[in-house]
Structures are given as C-alpha cells and as structure tokens.
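Reader: I would like to learn how to read ligand contacts and pockets. Please show me the model and start with a polar contact.

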Amino acid sequence: MTVPLSTRGKLLVFEGIDGSGKSTQINLLADYLNAHGIRTLCSFEPTRGPWGMKVRQAAAGNERLDIEEEISCLLQDRREHVHNVIEPALEQGTWVLLDRYYLSMMAYQGASGCNVEEIREMNEEFAPVPDLAFWLDIPVETALLRMAERGLARDAFEEASFLEHCYRIYASMDMPWLVRIPALGDALQTQQQIRQAVAEEYPQIFSRANTAALA
Ligand SMILES: Nc1ncnc2c1ncn2[C@@H]1O[C@H](COP(=O)(O)OP(=O)(O)OP(=O)(O)O)[C@@H](O)[C@H]1O
Ligand SMILES: Cc1cn([C@H]2C[C@H](O)[C@@H](COP(=O)(O)O)O2)c(=O)[nH]c1=O
C-alpha cells in the first residue's frame, strides 16, 4: 500500500568520522522529537545482522575484508536494513534516525580507493535519499582524543591518516539535504544546531509556539 507522502516519516541521518558524536546526538534528537509527539526509530549501520557483523568483526580484528567483499557485505546489509527496517518504519509515519548510512560508504570505501560517485549511485538505486543528513564536523585529532577517553580499542577503520582521508571526502560532499554541523562544542551546543536545522526544515511542526511550550 503506498502511503500518501504527507504521512510518511522522515529519514534523518547522522554522519562523521569515528568519535564525532553521532550516537550522542541521535539520542538527544530522539528525545526532542518524541517530546513533540513524533514517533522515532533509532538504528545504525553496519547493522548487527550477518552481513554487517562480517564487516565489524574483521575490522575489530584489525584485518578488514578485501574491498570487494567489504562493499558486497555493506550493500547487502543496507538492502536488508532498508527492506526490513527503514522502509516499513517510514511508511508507518515513524521518523527513522540513523547512525551512519551510505555517506559513510562514500567516505570510508572512497578513502579505500573506490569511486565516491559510483558508491553513491550504487546505493541510491535501492536506498531512500535522506530527508536530512548531519555531518558532525570535528578534526581527526579531536576524534582520536575522544575515542581514547572512551577507553575502547581502536579498530582497523580508526587510523589517523585513513580518517583524514575520510574527513576530506565528507568535506567534499555537496547535497542539498546535507547539513554541516561544527561539532567541537559541548554536546548540547551541537544538539542546538541540529534542532535548529530540523525546525527550519519543518517549521509547521516545530513552530516557536510548539517549542516554547516544551521549554
Ligand atoms: N560534544 C562532545 N564533546 C566532548 N565529548 C563528546 C561530545 N560528544 C560525544 N562525546 C564523547 O565522545 C565519545 C564518542 O561519542 P559518540 O559515541 O557519540 O561518537 P560516535 O560518532 O557515535 O562514535 P563512533 O562512530 O566511534 O561510534 C564518547 O565518549 C562521548 O561521550
Ligand atoms: C555504514 C558504514 C560504516 N563503515 C565503517 C565506519 C566505522 O568505522 C565502522 C562502524 O563503526 P561505528 O563505530 O559503529 O560507527 O564501519 C564503513 O566503512 N562503510 C559503511 O558503509
């Protein structure tokens, strides 16, 4: 059943290098949307399904899959994620908030030698284009510090020169639905910028009156 676009949910995507604050910001925005009566579903990629775990486990062992297999697994993971999770939620009017999506593939597999535009085209053949995407922009050295403070071991994707290349690819992306969010400030300052971008995109939902009532 096709749902009239007016009741379809929105797809909001959080992107950036490891340690940029995506998980933190998704949870803060989900709270804000829920407070405005919007049903949300938070998810992430690679998922913890078989294809996503194959990529994650290789990276965790500091031995990434070879690039062809990595791409194949990531695409299959995303196809299943879109079909089983993302599209059904959007059709029910739920807003889907993603911690990574195909812009990560453009950045990370692009930094691994693949053609960035070809990666975008491959994904947009089956994956819905985001309604809004936020690039959390922080320098690699800050990201590495935050990851160190988090106390987790770094995986094969989290090497400084590789992340610098990923950063440059993110910085080169130019889509009308992609918003650069300077994310060096504290978490709430970053979240304010994100909430402002959402309110500007959907003024009918986040009018000043509605939001004031929540202050
Ligand atoms: N604005 C901020 N200022 C300082 N530290 C932050 C900020 N946002 C998040 N952090 C901290 O930085 C670390 C990484 O945050 P988070 O897990 O949200 O990033 P991420 O982009 O999801 O990381 P990854 O991609 O590696 O999963 C966490 O320890 C978190 O508490
Ligand atoms: C979706 C996606 C992710 N990656 C990489 C980027 C990250 O280093 C890891 C996921 O780690 P996280 O801490 O859970 O964010 O996977 C990728 O290379 N390609 C992709 O499409």
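Author: A polar contact is a pair of N or O atoms within 3.5 Å; within protein, one must be able to donate a hydrogen and the other to accept it, and residues adjacent in sequence count only if both atoms are side-chain atoms. Here a polar backbone atom of M105 lies 3.4 Å from an oxygen atom of ligand 2. The side chain of D18 has an N or O atom 2.9 Å from an oxygen atom of ligand 2, and for a polar side-chain atom of R78 the distance to a ligand 2 oxygen is 3.1 Å. The protein covers 87% of the 480 Å² of accessible area that ligand 2 has on its own (Shrake-Rupley method, 1.4 Å probe; for residues, only the protein chains shown count as cover).

Reader: What conventions apply?

Author: This is a predicted model in which local features need pLDDT of at least 70 and side-chain atom pairs count only at pLDDT 80 or more, while totals for chains, interfaces and linings use all residues. Residues are numbered from 1 along each chain as its sequence is written, chains are lettered from A and ligands numbered from 1 in the order in which they are written, and side-chain values use heavy atoms, with hydrogens and water left out.

Reader: Which polar contacts does ligand 1 have with R100, R150 and G185?

Author: An N or O atom in the R100 side chain is 3.4 Å from an oxygen atom of ligand 1; for the R150 side chain, the distance to a ligand 1 oxygen is 3.0 Å. A nitrogen atom of ligand 1 lies 2.9 Å from a backbone N or O atom of G185. Of the 640 Å² of accessible area that ligand 1 has on its own, the protein covers 73%.

Reader: How is a pocket defined, and which space does ligand 1 take?

Author: On a 1 Å grid over the protein atoms alone, a pocket is an open set of points where a 1.4 Å probe fits, with protein on both sides within 12 Å along at least five of seven lines; lining residues have an atom within 4 Å of a point. A molecule sits in a pocket if more than half of its atoms lie within 2 Å of its grid points. The space taken by ligand 1 is the largest pocket, and the space taken by ligand 2 is the largest pocket too.

Reader: How many residues line the largest pocket?

Author: The lining has 42 residues, with D18, K22, R100, R150 and E158 nearest the centre.
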